[in-house]
Amino acid sequence: MTTIAHDHRRQLRRAVIAATVGTAIEWYDFFLYSTVTGLVFARLFFPLADPLTGTLNAFAVYAVGFLARPVGAAIFGHYGDRLGRKAALVATLLLMGIATFLVALVPTYEQIGVWGAVLLTVLRFIQGVGVGGEWGGSVLLSIEWAQSNAHRGFIASWPQFGVPVGLFLANLAVLASSAASGDQFLAWGWRIPFVLSLALVGVGLYVRLGILETPVFARLAADRRLARAPVAEVFRRHTREILLTALSRMAEQAPFYIFTAFVFAYGADTLHVDRNFLLTAVLSASALSFVAIPLFGHLSDRFGRKRIYTLGAVVTAAYGFLYFHLLDTQVPLLMFVAILFSLIPHDMLYGPQAALIAESFPAHLRYSGASLGYQLSSVFAGGPAPLVAAWLLNRYQSGTAIAVFILACAVITLGATAFLKDYTNRDAA
């Protein structure tokens, strides 16, 4: 192996590690809020509402983070395509970490009334802006160091790997603080995981500040091919790709937040299941994803992005019915199995997804285009999903109605994916 090839492999390895570690920390921050919403926020910040209204209010604040994600995609997409992937990623990590830490300091309704919910909403919006700019940069940081077209699916799946790591750490932190604080969890125990975010951000910054800019962006800058207004240009030239990639995420986004956020409200309030049981089950599901996401990313290199992605949408469509059937038995073993395997259909989509979306846009507009396509789906899929699930449950008093909603999301994904181009093992757009 030549010295140049050896150096390139070393930089690729460092870039993948930096992308994955930073992404894991940002998703820890984002999922921490998701987990605590169903367990805590309705009671502490909307205590005067009936249980359903309180839950809906809490998830409405939760959804604000998703509305902010396209804003973050546009802001950091612009700077990522103009100034570089690395600079944008350092900024998103700082923004997300500080906002998450400040959530730990928000007074409850008893202390400052409605202003507690207002502060939560503002901080949730800032979180959304941060995570909105994170995904595109972390994926490009990995994929743009790849030496050939043959392994882009596998390489791009590693930043995706940060999602289950973040979910695992968030649920582990809440579980540990729940065990440590016991009956005082609602009083102060829930705040501990938010405080820990500050330490994790320090680790992420240390890793990210030590990496180089991607060779793809360096060539664009050297050749003076950087777009002057990348967001405007990508909307003008690639509207079709933005819309298709956003719609292709329906089967991945909506069910994921039902399985990882709404399940806490459904389990605790409807099925009267112990919160630690739910936390342990979701924790175990996220651990399975450690293997599943890179595996399906690798399989997309062998069998094609669209083929694996389509299969994932079909499995998702069926799994929603099995999931709620098993939960409604209220048999602990069956409920645990339902939650344990709930993220496998998601991982079949999420593993190939990063490469599928990133390959749909040209290099000089890739940060903006990929970020916007990815994050727009959060507005109509991820953010509203727990709200839709809560409304359907109240309206029909059955998890089957939510399973039908998941089926509809999968059908939309199948239609959108059919119109996307597959660049597996070929030069990207």
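Among contacts in the chain between residues at least 6 apart in sequence, what percentage join residues at least 24 apart? The figure is 87%. Keep that in mind as you click around this predicted model.

**Start with the whole chain**

Show everything as a cartoon. You should be looking at 18 helices and zero strands. The radius of gyration is 21 Å, close to the 22 Å that the globule rule gives for 429 residues, so the chain is as compact as a globular protein of that length. Turn the C-alpha trace along its principal axes and you'll find that it spans about 60 × 40 × 40 Å.

Now switch on the surface. Its accessible area comes to about 16000 Å², and 68% of that belongs to carbon and sulfur atoms. Of the 429 residues, 60% count as buried. If you like colouring by charge, there are 30 positive and 22 negative charges, and the mean positions of the two sets sit 9 Å apart.

**Next, select 399–418**

This is helix α18. Put a distance between its end C-alpha atoms and you get 29 Å; at 1.5 Å a residue, its 20 residues should span 28 Å, so the two agree.

Show side chains here. Among the buried residues of α18 are Ile402, Phe405, Ile406 and Cys409, along with Ala410 and Thr413. As a reminder while you look down the axis, an α-helix has 3.6 residues a turn, so residues three or four places apart point the same way.

What covers the buried residues of α18? Bring up α10 (239–247), α11 (250–270), α13 (305–328), α15 (343–358) and α17 (384–396), which are included in that cover.

**Step back to the loop before α18**

Pick Gln397, in the loop between α17 and α18. Its phi is near 55°, a positive value in a residue other than glycine. Gln397 is exposed, with a relative accessible area of 61%.

Then go to Gln330, in the loop between α13 and α14 (332–340). Gln330 is not a glycine, yet it has a positive phi of about 60°. At 46% relative accessibility, Gln330 counts as partly exposed.

**Last stop: Thr121**

Select Thr121 in helix α5 (residues 115–143). Is Thr121 buried or partly exposed? It counts as partly exposed, because its relative accessibility is 26% and the buried label needs a value under 20%.

Leaving out residues up to four places away in sequence, Thr121 touches Val61 and Val64. Add Ala58 to the view too: Ala58 and Thr121 are 63 residues apart along the chain, and their C-alpha atoms are separated by 9.7 Å.

Notes
Residues numbered from 1 in each chain as written. Predicted model: local features only at pLDDT ≥ 70, side-chain atom pairs only at ≥ 80, totals over all residues. Heavy atoms only, no water. Helix = DSSP H or I, 4+ residues; strand = E, 2+ residues; numbered from the N terminus. Rg over C-alpha atoms; globule rule 2.2 N^0.38 Å. Buried < 20%, exposed > 50% of the residue type's maximum accessible area, 1.4 Å probe, protein only. Contact = heavy atoms within 4.5 Å. Areas by Shrake-Rupley, 256 points an atom, 1.4 Å probe, with all protein chains shown as cover. Lys, Arg positive; Asp, Glu negative; His and termini not counted. Charge placed at Lys NZ, Arg CZ, Asp CG, Glu CD. Expected span 1.5 Å × (residues − 1).
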